Structure formats: C-alpha cells, structure tokens
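This briefing introduces one protein structure to a reader who is new to the subject. Please keep the structure in view while reading the points below.

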Amino acid sequence: MPAAAPSPSPFFYPIGTPGQPWGDAERALWRARQVRQRSHADDVLSAIDALRAEWDVETYGEVVCADAHPAPERFPLQALRSRRWQPGLPSVLVTGGVHGYETSGVHGALRFAQQHAAEWAGRANLLVVPCVSPWAYERIQRWNFDALDPNRCFRPASPAQESAALMRLVAPLHGQWRAHIDLHETTDTDESEYRPAVAARDGKPFEPGSIPDGFYLVDDAENPQPAFQQALIEAVCRVTHIAPADEKNEIIGSPVVAPGVIRYPMKPWGLCAGISGARYTTTTEVYPDSPRATPEQCIEAQVAAVRAAVAFVLAGAQHP
C-alpha cells in the first residue's frame with residue numbers, strides 16, 4: 001500500500017508555493033484579493049480639513065499606486081502641526097495608521113487632535129500624523145500596495161513609500177523630539193491572516209502563536225524607559241484592561257518586563273517608533289477583538305496613552 005499523502009496544513013495560505021518566496025505574480029494575486037472597504041478621504045482627510053482653524057495642515061508626500069486597477073490611485077499624506085511651533089518647547093510626535101487595518105490608532109490620533117491638543121498649547125509642540133498608510137487603511141490591511149509591512153521598512157532607502165515619506169517629514173527635527181508615541185493594535189487577524197501571509201510571502205513555515213487579551217506597550221530594547229511606559233499603562237488601565245502575561249511570562253513571544261510592557265529593538269527592526277531619536281518612545285497595542293473592549297474604549301485608550309505621554313514629557317521638562 002502506498003503511504004498516505006500528508007494532510008495539508010490548516011494554515012496554508014492560498015497564494016504561493018510552500019517553501020518558495022513570492023514573486024511578482026504572487027504579489028499581484030495577493031493584491032487582487034484586497035477590496036476597498038472605506039474611504040481615506042472621507043474618514044481622515046475630511047477630519048484633518050475640519051481642524052485647519054486650530055492646526056497647520058502639512059501635506060508631506062503622496063502614495064502613488066501606479067499599477068492599481070482599474071486605474072492608478074494616489075493618496076495625499078497629511079499631518080497636523082502645532083500652529084505656534086516654538087523651538088524651545090518639548091516636541092512630541094504622534095503617529096497612527098502605520099498599519100492601515102489598526103483602526104483605533106487612526107481615530108485615536110484624530111480624536112486627540114480634535115479634543116485634547118488645545119490643553120498643551122504654548123507648552124508643547126505637537127506633530128500628529130493620523131494615517132501613515134492610506135491604501136492599507138481603505139483595504140483594512142496590514143501591508144501596503146506592494147505587500148510590504150511599513151512597520152519593518154523604517155530604514156535608509158526604504159522600499160515602502162509610506163515609511164520613506166514619514167522619515168523625510170520627521171528628519172529635520174531628529175534628535176530634538178522629546179517623545180514619539182506610535183499607535184497600533186494587535187488583532188485576531190494577525191494570527192488568522194497576517195502571520196500565515198507573511199510566512200507564505202517569505203517562503204517560510206507558519207508557526208502558530210497567540211493573541212493577548214488586552215492593551216500592552218512595546219518599549220525600545222536599546223533605550224528602555226520604564227517610568228514612561230508605566231505612566232502610560234496607569235492612564236490606559238482606567239479606560240481598558242491591560243494584557244496579562246502568558247504561562248511563559250511573555251506577550252506575543254517576548255518577555256514581559258513590567259505589567260503590560262515588552263521590548264523590541266526599534267531601529268534594527270525598522271519600526272516607526274525608532275525614527276525620531278526621541279528619548280521617550282513607545283508603540284501602543286490595543287486589542288479591539290476582546291469581548292471586554294468596545295471600539296470606543298479602544299479609541300479612548302489610544303487617546304489616554306497620548307495624553308499621558310505629553311503630560312510625562314512636560315513634567316520632566318519642568319523638573320529635569
């Protein structure tokens with residue numbers, strides 16, 4: 001009797017050949033699966049436009065998807081800058097939507113700009129970039145048009161348009177930023193879609209993981225700031241629950257160094273939170289799929305984290 005064929009992996013991604021990295025044909029197939037589900041112009045650009053009386057609006061670049069079908073697509077990249085920017089004040093960078101599917105990061109950045117930034121007028125310079133990846137925002141997708149993860153592409157000669165444009169915006173003040181808070185989410189689709197997709201794209205086996213239930217932060221392993229992270233955790237726990245460590249004392253495979261805090265090497269990994277040269281940096285991670293959190297709580301958790309970051313910076317400026 002011939003040996004039975006092995007049963008296919010339940011995690012086999014439907015594009016590509018196992019063990020072989022994608023080429024242009026596979027990337028085109030992946031792109032064809034992505035469906036526009038919402039409007040960057042309606043959700044983000046219109047909200048930014050409504051803030052022109054209080055903020056300086058800066059168009060810092062454009063994402064061009066020349067090979068899009070049925071027609072090329074163009075997305076202006078816009079940021080909100082404090083109107084009375086003063087070189088002597090602490091400067092804080094807020095970024096959202098590096099991963100377009102992480103909705104509360106986009107809307108948390110916008111809500112902070114709409115409802116809370118005025119309280120820091122004359123005390124801090126703020127630059128808010130609500131949606132770094134507009135094509136992915138519309139498709140509710142992690143990757144950009146070229147099947148690249150922008151949050152692994154913040155490095156010299158970046159292959160990701162979104163990452164390169166943001167780095168150009170931030171570079172003139174490199175080293176002058178006091179803090180940078182990058183707003184993200186960890187979702188169930190990280191495990192069901194993204195991780196299988198990245199394994200298929202790179203020709204590697206998929207290794208199942210787990211999704212933590214709750215909010216957590218990613219500190220910089222090369223510049224850890226535990227007091228800063230703790231201040232944000234204390235603010236967010238009033239809004240939503242903090243992710244517990246698993247049985248290995250880890251969150252998504254990384255050791256928990258404090259309640260709700262892990263560390264990544266930001267610059268070596270090409271992460272957004274490593275681009276500013278700021279002393280205080282963090283990546284927020286909201287869990288929108290939790291039965292214990294609503295979409296409103298997720299947005300408010302992002303806002304709470306940003307407000308706590310600015311407050312921490314100003315407290316340090318007053319008491320160096």
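**Enclosed and open space**

About 40 Å³ of space lies in the largest cavity of this predicted model. The structure holds one cavity of 30 Å³ or more. About 1000 Å³ of space lies in the largest pocket. Empty space of this kind is found by rolling a probe the size of a water molecule over the atoms.

*The cavity*

- The residues lining the largest cavity are Gly-214, Phe-215, Thr-240, His-241, Val-286, Tyr-287, Ala-293, Gln-297 and Cys-298.
- By class, five residues of the lining of the largest cavity are nonpolar and four are polar, while none is charged.

*The pocket*

- The largest pocket, with about 1000 Å³ of space, is lined by 39 residues, and the closest to its centre are Arg-142, Arg-152, Tyr-194, Arg-195 and Val-198.
- The lining of the largest pocket comprises 16 charged, 14 nonpolar and nine polar residues.
- At least two residues of this lining come from each of β5 (177–185), α6 (189–202), β6 (216–220) and β10 (280–286).
- Helix α6 makes the greatest contribution to the lining of the largest pocket, with seven residues.

**Strand β5 and its partners**

- Which strands pair with β5 in the parallel sense? Strand β3 (residues 91–96) does so over six bridges, and β10 does so over seven bridges.
- In the pairing with β3, Gly-96 stands opposite Leu-183 of β5.
- In the pairing with β10, Ile-181 stands opposite Thr-282 of β10.
- Strand β5 is mostly covered, since eight of its nine residues are buried.

**Helix α3**

- Helix α3 covers residues 103–116, which makes 14 residues.
- From its first C-alpha to its last, α3 reaches 19 Å, close to the 20 Å expected at 1.5 Å a residue.
- Is α3 mostly covered or mostly exposed? Helix α3 is mostly covered, with 10 of its 14 residues buried.
- The buried residues of α3 include Val-106, Leu-110, Phe-112 and His-116.
- Arg-111 is also among the buried residues of α3.

**The nonpolar core**

- The largest nonpolar core has 44 residues, and Leu-126 and Val-310 have the most contacts inside it.
- Two or more residues of this core come from each of α2 (40–49), β3, α3, β4 (125–129), β5, α7 (226–236), β10 and α8 (295–318).
- Helix α8 gives the most to this core, with 10 residues.

**Backbone features in loops**

- A cis peptide bond, with omega about 10°, joins His-69 and Pro-70.
- Pro-70 lies in the loop between β1 (55–65) and β2 (73–82).
- Ile-140 has a phi near 50°, a positive value in a residue other than glycine.
- Ala-147 likewise has a positive phi, near 60°, and is a residue other than glycine.
- Ile-140 is placed in the loop between α4 (134–139) and α5 (161–170), and Ala-147 is found in the loop between α4 and α5.
- Why does Ile-140 count as partly exposed? Ile-140 counts as partly exposed because its relative accessibility is 36%, which falls between the limits of 20% for buried and 50% for exposed.
- Ala-147 counts as buried because its relative accessibility is 1%, under the 20% limit.

Notes:
Residues are numbered from 1 along each chain as its sequence is written. This is a predicted model: local features need pLDDT of at least 70, side-chain atom pairs count only at pLDDT 80 or more; totals for chains, interfaces and linings use all residues. Side-chain values use heavy atoms; hydrogens and water are left out. On a 1 Å grid over the protein atoms alone, a cavity is a set of points where a 1.4 Å probe fits but cannot get out, and a pocket is an open set with protein on both sides within 12 Å along at least five of seven lines; lining residues have an atom within 4 Å of a point. Grid points are joined across faces, edges and corners, and a volume is the space filled by probe spheres set on the points. Helices (H or I, at least four residues) and strands (E, at least two) are DSSP runs, numbered from the N terminus. Ala, Val, Leu, Ile, Met, Phe, Trp, Tyr, Cys and Pro count as nonpolar, Asp, Glu, Lys and Arg as charged, and the others, Gly among them, as polar. The expected span of a helix is 1.5 Å times one less than its number of residues. Buried means under 20% relative accessible area, exposed over 50%, partly exposed in between (1.4 Å probe, protein chains only). Two strands pair if DSSP finds at least two bridges between them. A nonpolar core is a set of buried Ala, Val, Leu, Ile, Met, Phe, Trp, Tyr and Cys residues joined through side-chain atoms within 4.5 Å.
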